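Here are a few short exercises on surface patches and burial. Have the coordinates open and try each one before reading its solution.

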Amino acid sequence: MKKLLFGLLLSISISAFAQDKTTLSGYVRDAETGEALIGATIFIPSSGKGAYTNEYGYYSLTLQAGSYEVGYQYLGYQPRTEAIELTQSLRKDMELALAENSLDEVVISGRASDDNVQSAEMGVTRMSISEIKKVPVLFGETDVLKTMQLLPGVKPAGEGSSGFYVRGGGQDQNLILLDEAPVYNPSHLLGFFSVFNGDAINSTKLYKGNMPAEYGGRLSSALDIQMKDGNSKDYGLSGGIGLISSRLTAEGPIVEDKGSFMVSGRRTYADMFLLLSSDTTIKNSTLYFYDFNAKANYKLSDKDQIYLSGYFGRDKFGIGNNFGLDWGNATATLRWNHLFNDKLFLNSSLIYSDYDYKIELTPVNASISSGIKDWNLKEDFSYYANNENTLKFGVNAIYHNFIPGEVSNITDPTEGTSILNKKVEERYALETAAYFSHEWHPSKRFKMNYGVRYSNFAVLGPGSFYDYDAAGNVTDSATYASNELVTQYGGLEPRITASYVLNPEQSIKASYARNRQYVHLLSNSTATTPTDVWMPSTNNVKPEIADQLSLGYFRNFDDNKWESSVEVYYKDLQNQIEYKNGADLFLNDNVESQLVYGSGYSYGLELLLQKKTGNFTGWVSYTWSKTMRQFDEINEGNPFPARQDRTHDISLVGMYSLNKKWDFSAAWVYYTGDAVTFPSGSYVVDGNLVPLYSERNGYRLPDYHRLDLSATYFGKNPDSNLNISLYNAYGRKNVYTIDFQASTDNPGTQEAVKTYLFQWVPSVTYNFKF
């Protein structure tokens, strides 16, 4: 009854807000390509009222009937002003052309220049693909994930890795979406490339824990990546040829101004260089990846548009004829946009995601495989009640299929007979959620975005499930039929962000968010590898929970050309997962008996100073943080630093457009060495030297730092260029791992052996567009 009364009062309030009003609505697109401009600003200079376009380029602005000058703007584009007479609600689509000097500037975001001060968002970063392409990275390949690692609060998982940590969370605590489809392993070539081809990407947006209610399922962050729709006005071909990889993209109209397509492919050819080796094993080895992006959209009517997009990528790694490993992701998204009226917008999505890996051991004819598959149905509504009130609400359901591992056809090489076929039972689960959020602007100074998400996770049969004692021994078991409920978890996840504008150049903000995570990545290595296994919450494994509180101060300078921010946060973590010491993991039916559960916390300070426009752009970011974990069974129950605990993290990024022919960029990074566990001593057993370990993560790798440089030359065709870059320009030997082995010079003792990956890595890439 209370819910019904609340809904009735809310409906009456919204109706009252909308009385005697008209609505100006429509889409804002690129004049040359027809691509949606996400986050474009629509404003009324006479009243100060305004709106932003959503992720499909749609906007809705409520106004009194009358005559208005309406401005449309998007950074890097020529602003337009239109005189509009509003006597009734009006649909007004707008196209903006690139500014003449847009090639000479880096565009940080499409939003208004003072958006970081004026909006209620915090802990959020948008980056344009044009900016990402100018930042120097490993192998010269445009990389969304590596560029995100240069932001405050975001830390790389290791040397050259596309994996990342956000505000003390683990790598599996990041929700990575490509056109709404979750990507479970975002890495190529063991992490040195990401799966995201920059030529296929339209926009990126990262939430560092303060995610709106429509996002859920992970504790630390949500990275929302949207693919390009394709040029709806003309056909085009673009791509790049590099030293170890090349890519090609084609796009064009299906029907001009009604539909378009985009296809993009990429492949490395590092394996071709292996053929030059005189070593037969190396010559017969494989090392490459490929990926393919495709998207099409079609406007059925002024109120209906459909989108179909997909991604498919694989990695191939093999050593001679003895060992092979391949892994990859596949996603597909079917979306339908519908306008019920000029205020109510619906996006319906059917999403498929699949990640798997396979290991081949040729000498014993063995095959080992694992993976995870999802089917996801979403309904997302946006209701633009008026300029002060925007409501978002929706539901979604995800059916998970976890495939922990299977080994088949291991044969005795001498007898030729099969000696092992084993499959760990698959797991099934249904994850559902419903959410509601309200963006409320009660005054010009005060803004708030609050909401709540309810999530539920039902573990389903078929399968056998076990209970364990403290020693990991089975104490009870039960078998369930297909789709029979085993156990379920759920709870509310409140979210709130509020901002108060002190003056046009300054604001203060605060936020709180609770997140629940029901799927977990099991890894016994220090870095994410293709063979890590995803598993669900079960009768033994509880959902992880995080509560994060953030405070921030935001300040712009010099007519919004410079922006700065200071954010502090505290995150409390429950039901964190670790392996027992000496855990037995490989194809273990009782892997849950090898796990321990504990808590953690993280807190930190994030500073950002950023120049957004002009020939010289870039940013300086600094993070000071502390990340701790605590488990009764580890480190004698004492808190210990998580591997990603890095006290200091600094990034300096600069981009300079010298003229229409030359662009230069540089990036310098420094961070405290990772926390690691080293032997504190050793002892001899039967003549063998055995390491003695004491404190978990009680040591540190040496501090990390490097400088990357890049230069880009533009020829007669401004859309084509030659990029030359140098990774680790001053040749710093950064330690990747430290292993210990018996000393040959001093028997009875151990010596440390350091491994380095990249000292200098030059790259050359030719980019073209026709």
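**Exercise 1: Val764 and its patch**

Val764 has a relative accessible area of 34%, so it counts as partly exposed. Keep in mind that this is a predicted model.

Task: find the element that holds Val764, then work out which residues form the nonpolar surface patch.

Solution, step by step:
- Start with the location: Val764 sits in strand 51.
- Check that Val764 can join a patch: the cut-off is over 30% relative accessible area, and Val764 is at 34%.
- Now list the patch: Ile241, Leu243, Phe616, Tyr656, Leu658, Trp662, Phe664, Tyr713, Leu722, Ile724, Val764 and Tyr766, together about 1,000 Å² of accessible area.
- Finally, see which elements give two or more residues to this nonpolar patch: strand 42 (662-671), strand 48 (721-727) and strand 51 (761-769).

**Exercise 2: Asp234**

Task: place Asp234 in the fold and say which surface patch it helps to form.

Solution, step by step:
- Asp234 is in the loop between strand 17 (221-227) and strand 18 (236-242).
- Its relative accessibility is 47%, so Asp234 is partly exposed.
- Together with Glu32, Glu256 and Asp719, Asp234 makes up a negative surface patch.

**Exercise 3: Gln149**

Task: is Gln149 buried or exposed, and what is it in contact with beyond its neighbours within four places in sequence?

Solution, step by step:
- Look in the loop between helix 4 (144-148) and strand 10 (154-156) for Gln149.
- Gln149 is buried because its relative accessible area is 9%, and the limit for buried is under 20%.
- With those sequence neighbours set aside, Gln149 touches Val154, Pro156, Ser161, Ser162, Gly163, Phe164 and Ser651.

Key:
Residues numbered from 1 in each chain as written. Predicted model: local features only at pLDDT ≥ 70, side-chain atom pairs only at ≥ 80, totals over all residues. Heavy atoms only, no water. Patch = residues over 30% accessible without salt bridge, like charges linked within 9 Å, V, L, I, M, F, W, Y side chains within 5 Å. Areas by Shrake-Rupley, 256 points an atom, 1.4 Å probe, with all protein chains shown as cover. Salt bridge = Lys/Arg side-chain N within 4 Å of Asp/Glu carboxyl O. Lys, Arg positive; Asp, Glu negative; His and termini not counted. Charge placed at Lys NZ, Arg CZ, Asp CG, Glu CD. Helix = DSSP H or I, 4+ residues; strand = E, 2+ residues; numbered from the N terminus. Buried < 20%, exposed > 50% of the residue type's maximum accessible area, 1.4 Å probe, protein only. Contact = heavy atoms within 4.5 Å.
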